[in-house]
Amino acid sequence: MKMLQGIYIPSKNIYINAGKYFIPASNTKILTSLFAIDSLGEDYRFKSIFTVREKTLYIKTLGNPLIMEEDIIGMVKKIEVTVDTIVLDIRYLYLTTRPQGWCVDDIGMPYAPPVSEINYNFNRVEKLIHGKRVMVSVNDPVNYFINSLKDILRRKNNRIRVRFSRTNFDGETFAKRSLGEILKIMNKNSENIIAEMLLLHSGMVKGKTGLKASLDLMRKSLISRGLRSFRL
């Protein structure tokens with residue numbers, strides 16, 4: 001999306017670059033927020049679910065746009081048996097890892113983790129680089145989540161297998177957040193990974209999967225509100 005956004009100089013009552021197009025970057029999160037409200041409803045709540053059967057932990061992420069370490073710790077506290085297998089059901093968003101238009105220079109930056117089925121701790125970690133502690137994005141968010149989950153579970157067992165599979169179960173919920181909470185985190189902190197996942201989640205709930213289909217739904221939603229001149 002590009003928009004006219006010249007810089008106004010009050011003392012001279014003029015605009016600089018008033019007729020020039022610029023990429024408004026995080027301002028586009030406003031459009032994503034509006035699409036999510038239209039698609040999901042203001043009272044919508046995000047969640048993931050889990051259950052344990054015969055030492056196997058089953059997890060369905062359900063396209064949850066944010067899972068934090070404290071969510072996993074709270075889930076593990078509810079598990080009363082020793083877990084030796086994890087089964088992850090994570091195919092919900094049908095994502096494009098790095099959508100067209102991303103800059104190569106963004107790779108590894110804390111604000112630009114690859115789009116994933118899992119956003120765990122904002123998919124970034126702190127590392128020591130040249131004697132300084134800096135935040136970097138993780139290359140493989142799913143493995144980052146799995147390794148962290150294993151570390152928390154290993155307090156009970158050292159050997160844990162992992163499988164990926166579609167599952168069918170009703171379990172306990174974790175990582176529950178309202179749409180309002182997600183929008184506040186996304187917009188106040190300008191969290192790109194949440195914006196990407198929220199777009200895909202909104203499309204998923206409306207029966208469409210993947211980036212192209214979600215963007216098409218978003219375009220129709222915004223046009224219905226009278227916002228016709230935009231491109232995202």
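This report describes the overall build of a protein, its nonpolar cores and the surroundings of one buried strand.

**Overall build**

The model is predicted. The protein contains six helices and eleven strands, and its C-alpha trace spans about 70 × 50 × 30 Å along the principal axes. Of its 232 residues, 44% count as buried. Among the contacts with a separation of 6 or more, 68% are between residues 24 or more positions apart. The accessible surface comes to about 13400 Å², and carbon and sulfur atoms account for 49% of that area. The protein carries 37 positive and 22 negative charges, whose mean positions are 4 Å apart.

**Nonpolar cores**

In soluble globular proteins, nonpolar side chains tend to be buried together. In this model, the largest nonpolar core has 27 residues, and Leu 57, Ile 72, Met 75, Leu 149 and Leu 153 have the most contacts inside it. Five elements give two or more residues each to this core: strand 6, helix 2, strand 7, helix 3 and strand 11. Helix 3 supplies the largest share, seven residues. Leaving aside neighbours within four places in sequence, Met 75 is in contact with Phe 50, Leu 57, Ile 59, Leu 149 and Phe 174. A second, separate core has 25 residues, including Leu 31, Leu 93, Phe 122 and Ile 193.

**Strand 6 and its partners**

Strand 6 covers residues 56–60. Is this strand largely enclosed or open, and why? Strand 6 is largely enclosed by the rest of the structure, because five of its five residues are buried. In a regular strand the side chains alternate between the two faces of the sheet. Here, Thr 56, Tyr 58 and Lys 60 lie on one side of strand 6, while Leu 57 and Ile 59 lie on the other, and all of them are buried. Both faces of the strand are therefore covered, in keeping with five of its five residues being buried.

The table lists the two pairings of strand 6.

| Partner | Direction relative to strand 6 | Bridges |
|---|---|---|
| Strand 5 | antiparallel | five bridges |
| Strand 7 | parallel | five bridges |

Strand 5 consists of residues 45–53, and its Thr 51 stands opposite Tyr 58 in strand 6. These two strands form a hairpin with two residues between them. Glu 54, in the turn, has a positive phi of about 50 degrees. Towards strand 7, Lys 60 has Asp 89 as its bridge partner.

Methods
Residues are numbered from 1 along each chain as its sequence is written. This is a predicted model: local features need pLDDT of at least 70, side-chain atom pairs count only at pLDDT 80 or more; totals for chains, interfaces and linings use all residues. Side-chain values use heavy atoms; hydrogens and water are left out. Helices (H or I, at least four residues) and strands (E, at least two) are DSSP runs, numbered from the N terminus. Buried means under 20% relative accessible area, exposed over 50%, partly exposed in between (1.4 Å probe, protein chains only). Contact means heavy atoms within 4.5 Å. Accessible areas come from the Shrake-Rupley method with a 1.4 Å probe; for residues, only the protein chains shown count as cover. Lys and Arg count as positive and Asp and Glu as negative; His and the chain ends are not counted. The place of a charge is taken as NZ of Lys, CZ of Arg, CG of Asp or CD of Glu. A nonpolar core is a set of buried Ala, Val, Leu, Ile, Met, Phe, Trp, Tyr and Cys residues joined through side-chain atoms within 4.5 Å. Two strands pair if DSSP finds at least two bridges between them.
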